[in-house]
Amino acid sequence: MKKSLIVIGSLILLLLTACISEEKKEETVDSESTSETVEDYSLDIQIAGGTYGSEYFAVVAGGASNKILIFDAKYRKLVTAIDTGGPKLERTIPEYYPNLHDVHAMTFTNDFSMFFTVNWFDYEEPSYVLAYDTKTLKEIWRTPVGKGGHHAALSPDEKYLYVANDRSGTISIVDIELQIEVDTLHVGEGADYITPAMYWDGIVIDTPYLFATVNTESKVVVFDWKTNEIVKEIIVGETEGKVHGVNLTPDGKTVWVAVGGDNTIVVIDVETLEITDRIQLKNRPIHISFNPDGKFGYVTTGGHQIFKVDTMTHDVVWNQTGTIIPAHMAVSPDGKELWTLNHGLSTERYPYLIGGRPVSGVQIWDTETGALLAEMPSEGPPHEIQFIPYHAFGLQQVQDDSVTVTAEGLYQSACSSCHGGNLEGGGGPSLENLSEKMTVDDISEIILKGSGMMPDGLVDDQEAHLIAEWLLNNGIDSDVHSH
Ligand code: HEC
C-alpha cells in the first residue's frame, strides 16, 4: 500500500514536471521550429542536463567513502553505491595521503563480467584485492596483497592482476584463477600506478610490457606480463617524489608518464624503451587519459588544471581549470566527454559537509571545446573510473507493447493521478459513464491532443484508442476489444 502511494506520488511529480515542460515548450519554441527542436525540450533530455552522455555506466572507486560509485553516463546520475566492507578505522597518519580505506583501483575484465578494486584498512596491515561479480554486484572473493595497495591492472591475457603497493614498495601478482598472490616484484617504495591494458569496450592494448610508476625514486618499472620479470627501470624525473600516472596510448606504441615534480609529461617509446620527449605542462601533472582514436591526450594537474594535448605535435589544444584537484579521469567510449574525478567541488555550490568531509565529485567536459557539460557531487574523493556498457549489468526486459500493455495499466500510469484510481476524478473530472456523451474517437482525440490542464502526448495513438475503448466500458476489461 505504502509502496503504491510512493509510486503514485512520484507519478504525480513526473506529470507535473511534464506539464511544466509542456508550458515552457509553448513559450520558447516558435511555430516555425522543426520537430527536432521540440524534441530537444523533452523531459528525458532535461533530466540528462541538456545533452545526453553515452549509454554506459561509469564505475568509480569511491576513495575514503569506502564505496564503489556507479553512475549512469547517459543521464549523469548516481544509480547506486556498494559498500566495500571491512573495518572503518581512524586515520593513523592524518597528513599522509591516501587516507585509510582508500578504494582506489577500478579494473574490469575484458568482457566486463567481473571487476576488482583494492582497499586498505590499516597502514601496517596488508591491503586487499576485492573481486566483484558485475551482474549481482556481490563480492565474490578477497585476498590480501602488500601494504598500501593503490592501483591495479590486469595482464592483457587476464591471468594476473597486478597491484602496486605504495607502502611496501612491491607489485603483488595475483593469480585470478587461484585468487591469491602468487609472486611479488620488488620495485621500491611508493609503487603507485600500473598501465591499464584495456580502456574501452574490452579492446585490449597490444603491448609486450606493462609500466609502473615508483614515486619516491622517480622511476618507471617496465615488466614483461608473460614472464612477470622486470625488463628495465627508467628514471623519468629529476625531482624525487612526484611521479604518478602512467598510461599507454591506445595503439600501445608509446607511454606517457606524469612527472609532477618536474612539470613534465615524459614520453617513452615502447619498442626501444627510451625517452623520446618531455612535454612541459605547468602545475604538477598527475594523471593521463587518451581519446579512443589516440589523437589527443588529457592531463590533470595538482594545480586544478586540465590540459588537452595533441599526441602528434604535443601542443596544448585547450586548458581548463577544474575544481579542487581533478585527479583521475577517463574519456567516454564515443570520445565526446572527459570525466574528471575531483577531490573537491565548489564550496559555493555545495557549502555543506558530508560525514564531516567536503563534497567531492565528477565534472564532465566536452572533449572538443573544453566546456563544462555537467557536474555530479559524490562522496569520495572519487578515484579511478571505468566506462562499461549497460548490458554488462543486465538489461530490463524491454516490454513488447502488443503483448503486455493493458488499458488498465496505461490508465494507472498515465491518467489515474488526475482522474482517480477508479475513474472517480481528482485534479481532472470523473471519467465515469463517458459513453453517454462521447465516442471512442472523441476520447482518443482528447487523450492525444490534451485539453486545458491535461497534457498531450501522454500515450501514443494505439494506446489512446485502447484506453478510450476501456473507458467507454467504464474501466471493465472486455475480451472483444482487447488487442
Ligand atoms: C495532469 C492531469 C491530467 C492527466 C495526467 C490526465 N488528464 Fe484527462 N483531464 C484533465 C483535466 C484537468 C481535464 C478537464 C480538461 C478541460 O477542462 O478541458 C481532463 C479531461 C479529460 C477528458 C474529458 C472528460 C470530459 O468529461 O470532458 C478525458 C476523456 C480525459 N481527460 C482522459 C484522460 C486520459 C485517458 C488520461 C491518460 C492518458 C488523462 N486524461 C490524463 C487532467 C488530466
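## A cis proline in a loop

Pro381 sits in the loop that links β29 (372-378) and β30 (385-389). Look at the bond leading into Pro381: the peptide from Gly380 is cis, with omega near 0°. Keep in mind that this is a predicted model.

## A four-stranded open sheet

Now for a sheet: this open one has 4 strands, ordered β12-β13-β14-β15, and the pairing is antiparallel. The edges belong to β12 (191-194) and β15 (229-235); each has a single partner strand, so one side of each has no neighbour in the sheet. On average, neighbouring strands here are turned by 25° against each other, ignoring direction.

At the β12 edge, the contact with β13 (residues 209-214) is antiparallel and runs over 2 bridges. Ala191 has Val214 of β13 as its bridge partner.

## Two residues with positive phi

Most residues other than glycine have a negative phi. Two spots here go the other way. Ser218 is not a glycine, yet has a positive phi of about 50°. You'll find Ser218 in the loop between β13 and β14 (219-224). Is Ser218 buried or exposed? Ser218 is buried, because 24 other C-beta atoms lie within 10 Å and the cut-off for buried is 20 or more.

Asn474 is the other case: not a glycine either, with a positive phi of about 60°. Asn474 belongs to the segment after α8 (461-472). With 13 C-beta neighbours inside 10 Å, Asn474 counts as partly exposed, since exposed would take 12 or fewer.

Key: Residues are numbered from 1 along each chain as its sequence is written. This is a predicted model: local features need pLDDT of at least 70, side-chain atom pairs count only at pLDDT 80 or more; totals for chains, interfaces and linings use all residues. Two strands pair if DSSP finds at least two bridges between them. Axes are lines fitted to C-alpha atoms, for helices over the stretch in contact, and angles run from 0 to 180 degrees between N-to-C directions.
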